[in-house]
Structure formats: structure tokens, C-alpha cells
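Dear colleague,

I am passing on the structure below, and after it you will find some notes on what turned up when I went through it. Please keep it open beside the text while you read.

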Amino acid sequence: MPIEGTASRVLHVDLESGASRVLLFEGRPHHLGGSGLAAALYDAYGLPESPAFDPRQPLIFAIGPLSGFFPLMSKVVCGFRSPYTGEWAESHAGGRLALSLRFAGYDALMITGRARTLSCLVVGSRRLEIHDVHYLRGQDVFTSGKYLRRYGKESSGHRSTVRIGPAGERGVTFACANVDSFRHFGRLGAGAVMGGKNLKALVVTGDSGIELPEGRDYPKLYKEVYQSVTGTDMMQKYHDLGTAENLLVLNELKALPWRNLQATTDPAIDGISGERFAEQLLLRQTACAGCPVGCIHIGLLRQQFARDHEFLYKQVSYDYEPIFAQGSMLGLTNASDVLALLDETEKLGLDCMSAGVALAWVAEAFEKGVVTEKETLGPVHFGNVATFVAALHHLANGTSEFWQALGKGVLYAADIYGGADFACVLGQEMAGYATGEVYFVSQALGFRHSHLDSGGYAYDQSAKDKDVDKAVRHLLDDEYKRLTINCMVACLFARKAYPPERLQEALASLGMRAEADALPESGRAMQALRWSLKFRTGFRPENVRIPKRFTEVVTWKGPMDVDYMDAVRQAYTSELYRMVVDAAREA
Ligand code: SF4
């Protein structure tokens with residue numbers, strides 16, 4: 001199907017009634033795609049006054065205008081009202097979903113309503129089925145994946161499956177939605193939103209095709225981009241050791257969180273470094289559909305069924321962030337232990353970063369006597385993988401009031417049981433960068449509460465001074481640059497391959513001249529729209545807490561400068577309000 005006109009093609013499915021329609025959502029030169037399209041759809045169809053679990057709230061999966069046409073345009077933006085924060089949120093994932101949506105002929109899929117029974121939604125260019133899968137209730141991600149293979153198998157090469165585990169069904173607010181094998185809509189609870197809609201799984205069958213543009217511009221540009229990502233060393237590090245390479249680097253910089261951020265470096269790093277994983281466990285690398293790089297590192301986990309029994313071999317993906325959250329943060333220093341814990345997390349459908357950081361808080365709370373076995377139902381100790389496996393199951397299944405509270409986030413639990421001072425939460429459970437003041441503010445106040453919003457961690461590492469205005473300008477400008485990429489929706493690892501001028505050329509080569517011309521202005525407009533939605537759904541930057549633990553961190557630069565951190569926070573807060581007020585005035 002060719003891309004024509006200036007409307008995005010959106011499939012809207014209402015699970016309550018089973019009705020569907022294809023919307024021609026006008027204004028692509030303005031909303032572009034991906035992050036912008038998801039925000040524009042929520043602006044038009046969302047319910048900012050209603051809570052996240054209101055079944056009428058839309059769950060949106062959006063690709064960009066270049067998806068399927070250029071290398072590394074491999075991601076999908078999932079837009080939803082977060083059950084964790086209550087606010088408008090995004091989570092991004094790779095896998096085959098972007099190309100499946102493109103080949104099915106849609107720029108976005110918008111799901112509203114709650115199905116009567118646990119269901120699997122199957123969509124394609126000419127199909128829409130809602131199957132009753134009540135027999136999968138409580139089933140883990142791997143088991144349900146085997147049953148779900150029956151749907152859309154005639155287009156298996158172009159099929160993508162998004163599914164949830166017990167955590168999503170139970171509404172754990174950081175439950176993830178697993179995409180195909182090894183990819184996830186991880187943070188902020190997309191899995192819980194699916195669970196709230198009684199949607200166990202979504203299968204997208206890319207059963208149509210795309211027409212490539214005529215003329216020389218498109219093939220020429222495609223070759224140039226392809227050459228830049230495969231014929232230079234631009235992407236090499238992602239393929240070789242992958243992001244796990246950062247473990248040694250951050251440990252050296254005293255910026256790697258250990259044992260619930262009680263330390264930022266440890267000589268035991270050698271047991272869980274990227275080099276150690278590559279040497280002992282790396283089986284292969286794989287890639288999202290449409291990506292010639294292949295940064296997804298798959299480790300081989302060998303597990304004995306039981307004493308005197310045989311071994312089971314499993315393939316588990318790893319990266320920097322999962323190893324930080326379920327390795328150093330938990331005091332685990334054996335790479336196989338980390339892989340085993342990641343495998344359990346995957347199976348239960350929990351976000352591995354949030355879950356790891358939550359368990360790190362439990363281990364410290366247990367050590368300090370803030371919680372006891374009465375709450376945790378068993379010991380939880382740093383460095384002891386068996387206690388963390390048991391804890392993960394309690395967390396996903398909500399087996400006590402304590403675990404149910406933790407399923408709403410560490411600060412929620414800490415406000416009931418104590419231990420808020422050492423909660424490693426910055427808007428949500430922290431990412432693996434104890435680099436300093438600017439990063440802590442950028443995650444706490446950033447749009448996705450993530451290291452991916454803007455390079456605050458990189459700023460901390462490179463800045464020689466403590467210039468508040470410069471730091472805030474960096475956060476806003478970097479967010480804008482990343483957002484234009486996220487409107488397309490390219491992999492952020494490829495941002496050097498896609499500077500703004502190349503994105504404009506790419507749009508023009510596909511005949512989207514209006515989108516190309518409007519890109520800079522529309523990027524700014526979408527940045528303001530996203531923030532405006534976040535504010536309209538309850539975000540108040542002045543209310544976000546930065547727990548005491550973050551003021552106690554010592555990095556290679558020395559102790560935190562709390563006055564500097566407060567000044568960056570205040571200036572960033574003012575700028576966010578200014579952006580939203582200016583946008584409202586212009587509108
Ligand atoms: S570089 Fe990695 S994450 Fe990015 S598209 Fe390729 S395989 Fe997926």
C-alpha cells in the first residue's frame with residue numbers, strides 16, 4: 001500500500017463492542033508520526049479527566065512515515081495513560097511490530113474499551129478477529145506465546161505478537177508488554193493497561209505490501225544510509241559487545257549503581273561485565289526487523305531441572321540496563337545468575353529495570369529491618385539470586401499486601417512501610433546512570449522519566465562547569481532532537497545516521513514534501529503537545545520527589561552538589577511550564 005495524501009491511516013478497534021473502523025487522521029505534516037501521532041491521537045480521543053484504567057482510554061501503537069522504507073526505522077511508540085504515574089506516557093519497542101503494522105497498511109492502531117473475556121486481538125490489512133483466550137489466564141509469557149502462534153501463522157514472516165504475563169493481568173503498574181522474542185514496551189505499565197482491557201495479546205499480520213517510490217532519489221538515499229550504518233564503525237559497538245560494554249566504563253567512573261545505590265563502583269564488576277557475558281554466555285546477536293545492525297545480545301542459560309536431573313538450555317537477551325538493574329543493583333556478581341533472574345522476569349511480564357530496582361529497595365529495607373519476613377514472606381538478600389527469584393514471583397502475583405503495594409512502585413510502598421530515603425526512584429525506578437546532578441533531575445522531571453528523554457548522563461560526564469542555564473538548554477534541545485527521531489520512529493542508536501536534514505531528504509524521497517518542510521516546526525509543536533498532555537493528565541514537576549539517597553551519591557567528580565541540583569531542577573521546571581504556556585497562547 002503506498003503512502004498517499006497527508007492523513008495518517010489509523011485502525012481503531014473498540015474491544016467492548018467489537019466494532020472497528022479505519023480513520024484517516026488528517027494533519028501528518030503537523031503530527032508527523034510515532035510520538036507526535038500518538039500524542040495527537042490522545043489529544044483528539046483521550047480522556048484527560050479520567051483515570052488510567054478507565055477502559056475508554058486509548059492504547060495506541062504508532063509507527064512513523066519512514067517505517068518500512070529506511071534502515072533502522074524499526075521501533076513502535078506505544079502511547080497510553082500510565083497506571084504508574086497516572087499521566088500521558090510513551091514506551092518504545094522494536095521487534096517485528098513496526099514492519100508488521102506497515103505491511104498491514106496502518107500508521108497506528110488505537111484500542112479502546114475492555115473485552116468481556118480475556119482476549120487476543122488479531123489485525124491485518126483485511127482481517128480483524130477478537131478471540132476468547134480465557135484459558136491463558138495466569139499463564140506466563142512463554143507458555144502463552146506457544147498457544148498464540150496459531151494466530152496469523154499464514155503470514156508468520158511478517159507477523160508480530162505483543163503479549164502480557166501474570167503481572168500485566170494483575171495490574172502491576174510496571175508490568176511490561178513483551179514484543180515477539182526479546183523486545184518490550186517496558187516502562188510505565190503498558191502491560192497493565194493491556195491487562196485492564198482484558199487484552200492478553202495482540203497479533204499484527206503484515207499481510208499486504210508497500211509500493212516503493214519511482215525515480216532515483218529514494219534508492220540513492222537508501223544506499224547512502226545503509227552504507228553509513230554498515231560500512232563505517234558508526235554502529236559497530238552496538239553489535240560487538242553491545243551496550244553491556246558500558247558496565248566497566250561506568251563502574252570505572254564511579255557511576256554504576258550497586259546494591260540499591262549504596263555504592264557506585266565495585267571490583268566485583270568483572271563477574272558481570274559486558275566482556276564476561278561475551279566470553280562465557282554470548283550465543284548470538286539478532287536484530288529488529290529492518291535493522292542491519294543486530295545489537296540484541298542473546299546469552300545461553302544452562303539450568304538443571306533439579307539435583308541429579310538433566311539440563312535445560314534457554315536463550316535470554318541482555319543489555320546494559322537489565323544487567324545493572326538485576327545485577328549490580330542487587331549485588332549479583334555472577335553473569336549466569338543475572339541471566340537466570342532476567343529469564344524469570346521475562347516470563348512473568350515485569351519490566352526488568354523497574355522490578356530490579358524495586359527488589360534492590362526490598363533487600364536494603366530487609367537488611368535494615370524496615371520490613372521483615374512478615375511482609376516479604378521470605379528472606380531477600382543482596383547477592384542471593386534464589387531469594388530474588390522468589391521475590392519476583394511474589395511481586396508479579398501480589399501474594400501479600402506488601403507485594404501488592406510494591407506493585408504500585410517503590411515510593412508507594414515506602415510511604416506505607418518506611419524507607420523512602422533510600423528509594424531509588426526518579427519519577428519511576430531509576431535507570432543505571434549515577435552520573436550526577438543533571439541526570440538525576442533529567443530522569444525525575446523528564447517526559448518518560450527515562451535516560452532516553454535527553455542525554456543528561458552524557459552532559460554530567462562532559463560538562464566542565466556548573467552552568468544551570470546551559471544544562472537546562474541541553475536537556476530541552478536534546479529532547480527535541482530525540483523527539484524528531486521518535487516521530488519517525490527510528491532506533492535511537494541510529495541518531496547519528498539520521499540528522500534532521502537527512503530525515504527531511506528521506507521524507508521528500510517518499511513524496512512527503514510537506515512533512516519534510518514542516519519537520520523542524522512540527523517537531524517543536526509535538527514537543528509542546530506531549531508536555532501539555534503530561535500536564536493535563538496531572539504532572540506537576542514541583543511535586544516530584546528526589547529521595548535523599550541521590551544526594552548521598554559520590555561519583556568520580558566527588559559528592560553531589562545539592563544546591564546545583566536544586567537550581568537545575570527549578571530552572572528546568574520553569575522552562576517546562578513556559579513551553580506549555582507559550583504553546584497554549586499560540587494555539
Ligand atoms: S540497533 Fe538494536 S535495538 Fe536498534 S533497531 Fe537494530 S537491533 Fe533493534
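By how many degrees does helix 22 bend at L519, and which proline follows within four residues? Please bear in mind throughout that this is a predicted model. The bend of helix 22 at L519 is about 65°, and the proline that follows within four residues is P520. Helix 22 runs over residues 513–536, which makes 24 residues, and the distance from its first C-alpha to its last is 33 Å, close to the 34 Å expected at 1.5 Å a residue. After helix 22 comes G538, whose phi is positive, near 115°.

Helix 22 also takes part in a pocket, the second largest, which has a volume of about 630 Å³. This pocket is lined by 25 residues, and those closest to its centre are R524, A525, A528, M579 and A583. At least two residues of the lining come from each of helix 1 (28–31), helix 2 (34–45), helix 20 (468–486), helix 22 and helix 23 (562–586). By character, the lining of the second largest pocket divides into 13 nonpolar, four polar and eight charged residues.

Helix 13, residues 352–367, is another element to look at, and its 16 residues should span 22 Å at 1.5 Å a residue, which agrees with the 22 Å between its end C-alpha atoms. Of these 16 residues, 15 are buried, so helix 13 is largely enclosed by the rest of the structure. Just after helix 13, G369 has a positive phi of about 80°.

You may also wonder about the cysteines. A disulfide is a covalent bond between the sulfur atoms of two cysteines. How many disulfides does the count come to? The count is zero when a pair of sulfur atoms has to lie within 2.5 Å. C424, for example, is in no disulfide, and the nearest cysteine sulfur, which belongs to C352, is 16 Å away. C424 is buried, with a relative accessible area of 1%.

Finally, is L281, in the loop between helix 10 (274–280) and strand 13 (282–286), buried or exposed? L281 has a relative accessible area of 8%, and because buried means under 20%, this residue counts as buried. Between the C-alpha atoms of L281 and D517, which are 236 residues apart along the chain, the separation is 48 Å.

With best wishes

Note on methods:
Residues are numbered from 1 along each chain as its sequence is written. This is a predicted model: local features need pLDDT of at least 70, side-chain atom pairs count only at pLDDT 80 or more; totals for chains, interfaces and linings use all residues. Side-chain values use heavy atoms; hydrogens and water are left out. The expected span of a helix is 1.5 Å times one less than its number of residues. The bend at a residue is the angle between axes fitted to the seven residues ending there and the seven starting there. Buried means under 20% relative accessible area, exposed over 50%, partly exposed in between (1.4 Å probe, protein chains only). On a 1 Å grid over the protein atoms alone, a cavity is a set of points where a 1.4 Å probe fits but cannot get out, and a pocket is an open set with protein on both sides within 12 Å along at least five of seven lines; lining residues have an atom within 4 Å of a point. Grid points are joined across faces, edges and corners, and a volume is the space filled by probe spheres set on the points. Ala, Val, Leu, Ile, Met, Phe, Trp, Tyr, Cys and Pro count as nonpolar, Asp, Glu, Lys and Arg as charged, and the others, Gly among them, as polar.
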